[in-house]
Amino acid sequence: MRDVKVLSALIRRRYREGASLAVVARELGVSKATVRRHVPVRERRDAAAAARQRHRSRAQTPYEKALRAQVVRLYGSGMPQQRVAATLGISVEAVVARLEPSQRRSRQEAARLAVERQGDLLPKDEIVARYVQGATMAELGRLYGVHPTTIRRRIPDDLIRPRGPGPQHRPRTRHRRTLVEEEVRRRYAAGESAYALAREFGVSPHTIRTRIPDTDWRTPTPGEAPVPSPRSSRPRPGGARMALVLSDEEILARYRAGQSATAIGRAAGVDCRTILRRIPEYERRGHLQAQQLNRPAPDVGADTIRALRARGLTWKAIGAEVGLSVKTVRARA
């Protein structure tokens, strides 16, 4: 009996010190069930507290201390997290968990170290030799898979060429012939197309069209794209309004009767904005007014739908009777 009391006191003391059930059982040579039986229910830790305690206990083991020291040493030397994980044979998450927030590098610092590591692997003498032979920084960057700025840092300042294209890189100017109207008219009358003349003189077909009188202009043959007339794009004098099938009085009467501008425009074969321009500002309906007016079956409200439901009709049957969808009927109920 005395041994049981001593064992119970030891179990409770070690458990209060932070040891887990498994650790106490292993130290005293008993089962976990025995340890759990001697620990009062009110003193037992919940799952979250037990997990935190296991983590703290694991951190005090010699293996965990040595692993944490290796992670901090390798990461502090400039090695990225992925390489530290591959070197130690653990996951990246395990590396991050063993680093304090103050020990972790920012994104800018990590990017700078990555550029420096990549730059250390570049053959500086070979880059300088290629640049002196005439290669550009952009070409060298594509060749070595780095940014041109990285190439620039490997080249001495006294070897940097001035920016801008050299004599050998000057763009060639396109040769254009002088446009002679008499020659254009003569060759067009001889049978050449406006597109062929435009390609030869380096202008657009519209420019060729302006040099040819309307009386000499040919109708395009099938398969040939028509050249727009320069006079067709001129604005109408006086800004005349478009002639509609419906008069302004009929448009206004239909609009007052409840038709929407879209429906009137569909009947007249024009856009709804053209119809709205025929309607005075004070006559136009607001958004809520138009929505209420164009609402299907406005006389069917919640009372009507509930009365039909009381008769035993389903949502689908009510929708078929009042001319609404099932979704609309359920929304109005």
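1. A polar contact here is a pair of N or O atoms within 3.5 Å; within protein, one must be able to donate a hydrogen and the other to accept it, and residues adjacent in sequence count only if both atoms are side-chain atoms. One such pair joins a polar side-chain atom of Arg209 to the backbone oxygen of Ile212, at 3.2 Å.

2. Some housekeeping: this is a predicted model, where local features need pLDDT of at least 70, side-chain atom pairs count only at pLDDT 80 or more, and totals for chains, interfaces and linings use all residues. Numbering runs from 1 along each chain as its sequence is written, and side-chain values use heavy atoms, with hydrogens and water left out.

3. Back to Arg209: it sits in helix H14, residues 205–210 (helices are DSSP runs of H or I, at least four residues, and strands are runs of E, at least two, numbered from the N terminus). Arg209 counts as buried because its relative accessibility is 5% (buried means under 20% relative accessible area, with a 1.4 Å probe and protein chains only).

4. On the whole chain, there are 21 helices and zero strands. Of the 333 residues, 26% are buried.

5. Now a helix pair: the axes of H19 (residues 302–310) and H20 (residues 315–322) come within 10 Å and cross at roughly 125 degrees. Axes are lines fitted to C-alpha atoms over the stretch in contact, and angles run from 0 to 180 degrees between N-to-C directions.

6. Who makes that contact (heavy atoms within 4.5 Å)? Ile305, Leu308 and Arg309 do so from H19, and Trp315, Ile318, Glu321 and Val322 from H20.

How values were computed:
Buried means under 20% relative accessible area, exposed over 50%, partly exposed in between (1.4 Å probe, protein chains only). Contact means heavy atoms within 4.5 Å.
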